[in-house]
Amino acid sequence: MEEKSLSKLYEKLSFKREQFLDRGRECAELTLPAILPYEGFGDANTLYTPYQSIGSRGVNNLASKLLLLLLPPNAPFFRLSLSGKVREELEQDPKLKTNVEKSLAKIEREVMNFIEQSALRVPVFSALKHLIITGNVLLHFPKDGTMKVYPLTQYCISRDSDGNLLEIVIKESIAPVALSEEIRAACQLLDDSDEEVDLYTCVKRLPDGKYSSYQECNKIEIPGSYGTYKEDDLPYIPLRMVRVDTEDYGRSYCEEFLGDLKSIEGLSKALLESAAASSKVVFLVRPNALTKKRDLVESENGDIITGVKEDVATLQTEKQYDLQIVERTINTIAERLSFDFLLQSAVTRDAERVTAEEIRKLANELESALGGIYSLLSQELQLPLVNLLMKRLSAKQMIPKLPKGSIQPTIITGVEALGRGHALLKLRSFITEKSKLTTNK
């Protein structure tokens, strides 16, 4: 049993994860430290407090933009389209085609209603913050219950060279009371124990392309936990922010700008400490001076004391010029990070007159920079989520069962939306130029 123990497998797989955890903690410390605390962190410990807020503002802003794009409110993020043969057959009967398209639109609305009722945006927003900072997160969408988010510290994963999922091992610490009496008896757990136990879940790819899953506690497989899933039915969705070939884990968005985050953190700390030192007021009195120190200390505002002005001086750091260089450097780095995280301050140019068209073009340019991220998330989050929800709603008879291979979902946000945005900009430019030519005539 020890050889097949999931605890041993988790230990074995965790070695490849360490470098990604270290990098993720480094990024989290400069943005949102609570997302991935240091190892051994507990209730009695204190998290690191960054000296700048642009990292946290950037992560929250980018996560909000991605959330609105991936799960837009009051509008479906996908379309159900007909496959080639079925579409050709329906082209011959326009009335039937119209009825089919109406039915597909109704199914789209049912799926979006289910997303609203399930409150998926809350866990997805949390998952996006994990993705931006650590580059990896695991979503579990059970049949009964809300979506659960597993951070990188709770799971290990193995992929093939093409990035396909091979194996996932999840580690959770739970109280024995949370398990049923049958499970406690099977796993030889004490009913009155207050100590938490480790619950392991393994998801593994089978030779036929399906996936198997089972759970283990106290090195004993939990009875009735074994199950198999088709690829479209798998309730576990492992996400990556930046895909790197031949690597089991993804890279984070913050990692690409870690140099700027480190620089602005160090400079902000130095500037704050220098400002605090400069704000300290210390008076120097010349030795053997006529001005008495006691009179100077005890005098109140407006008092008249005996003394000589030259006897008293104020201690100054005389670092104003050096601090101006530090401040300018901080502003330069902050501007670069604002562009990286799509903050509004990066869109508005510092000038007296900034046109709306200039802001629109610059915002569109910044959005286009995330095209690669949109592409990956559409394939690894949106499509699996749509397929999973449609299967479950069909099983609950909330939507009709669709013929296999005849209907396929197409993501219409992300890169597709960017393409339509560029087409709209070209159309606007064409209309503007045409109206100028007409006016000149």
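## A surface patch around Tyr51

Tyr51 is found in the loop between helix 1 and helix 2 (54-70). In this predicted model, Tyr51 has a relative accessible area of 35% and is therefore classed as partly exposed. Together with Tyr48 and Leu272, Tyr51 forms a nonpolar patch on the surface. The accessible area of these three residues together is about 280 Å².

## The protein as a whole

The protein has 441 residues, and 39% of them count as buried. Its secondary structure consists of 13 helices and 13 strands. The accessible surface comes to about 26,300 Å². Carbon and sulfur atoms contribute 52% of that surface.

The contacts within the protein can also be described by separation along the chain. Among contacts with a separation of 6 or more, 68% are between residues 24 or more positions apart.

## Helix 5

Helix 5 covers residues 121-134, a run of 14 residues. From its first C-alpha to its last, helix 5 reaches 19 Å, which is close to the 20 Å expected at 1.5 Å a residue. Just after the end of helix 5, Gly135 adopts a positive phi of about 85°.

Helix 5 is mostly covered, with eleven of its 14 residues buried. The buried residues include Pro123, Val124, Ala127 and Leu128. Arg121, Lys129 and His130 are also among the buried residues of helix 5, as is the run Leu131, Ile132, Ile133 and Thr134 at its end.

## Salt bridges within a network

Side chains of opposite charge can pair when their charged atoms come close. The model contains 16 salt bridges. Six residues are linked in a network of such bridges: Arg23, Glu26, Glu247, Arg251, Glu255 and Lys262.

Within this network, Glu26 forms a salt bridge with Arg23, and their closest N and O atoms are 3.9 Å apart. Both residues belong to helix 1 (residues 6-30), where Glu26 and Arg23 are three residues apart, about one turn of the helix. An α-helix has 3.6 residues a turn, so residues three or four places apart point the same way. Glu26 has a relative accessibility of 24% and so counts as partly exposed. Arg23 is likewise partly exposed, because its relative accessible area is 34%.

Another salt bridge of the network joins the side chains of Arg251 and Glu255, with a distance of 3.1 Å from N to O. Which of these two residues is buried, and which is partly exposed? Arg251 has a relative accessible area of 22% and is therefore partly exposed. Glu255 has a relative accessible area of 18%, so Glu255 is buried. The two residues fall on either side of the 20% cut-off under which a residue counts as buried.

## A salt bridge between distant parts of the chain

Asp233 forms a salt bridge with Lys391, and the closest N and O atoms of the pair are 3.5 Å apart. This pair links distant parts of the chain, as Asp233 and Lys391 are 158 residues apart. Asp233 lies in the loop between strand 9 (227-229) and strand 10 (236-240), while Lys391 lies in helix 12 (residues 371-395).

Asp233 is partly exposed because its relative accessible area is 23%. Lys391 has a relative accessibility of 37% and is therefore also partly exposed.

Conventions: Residues are numbered from 1 along each chain as its sequence is written. This is a predicted model: local features need pLDDT of at least 70, side-chain atom pairs count only at pLDDT 80 or more; totals for chains, interfaces and linings use all residues. Side-chain values use heavy atoms; hydrogens and water are left out. Helices (H or I, at least four residues) and strands (E, at least two) are DSSP runs, numbered from the N terminus. The expected span of a helix is 1.5 Å times one less than its number of residues. Buried means under 20% relative accessible area, exposed over 50%, partly exposed in between (1.4 Å probe, protein chains only). A salt bridge is a side-chain nitrogen of Lys or Arg within 4 Å of a carboxyl oxygen of Asp or Glu. Contact means heavy atoms within 4.5 Å. Accessible areas come from the Shrake-Rupley method with a 1.4 Å probe; for residues, only the protein chains shown count as cover. Patches are made of residues with over 30% relative accessible area and no salt bridge: like charges are joined within 9 Å, nonpolar side chains (Val, Leu, Ile, Met, Phe, Trp, Tyr) within 5 Å.
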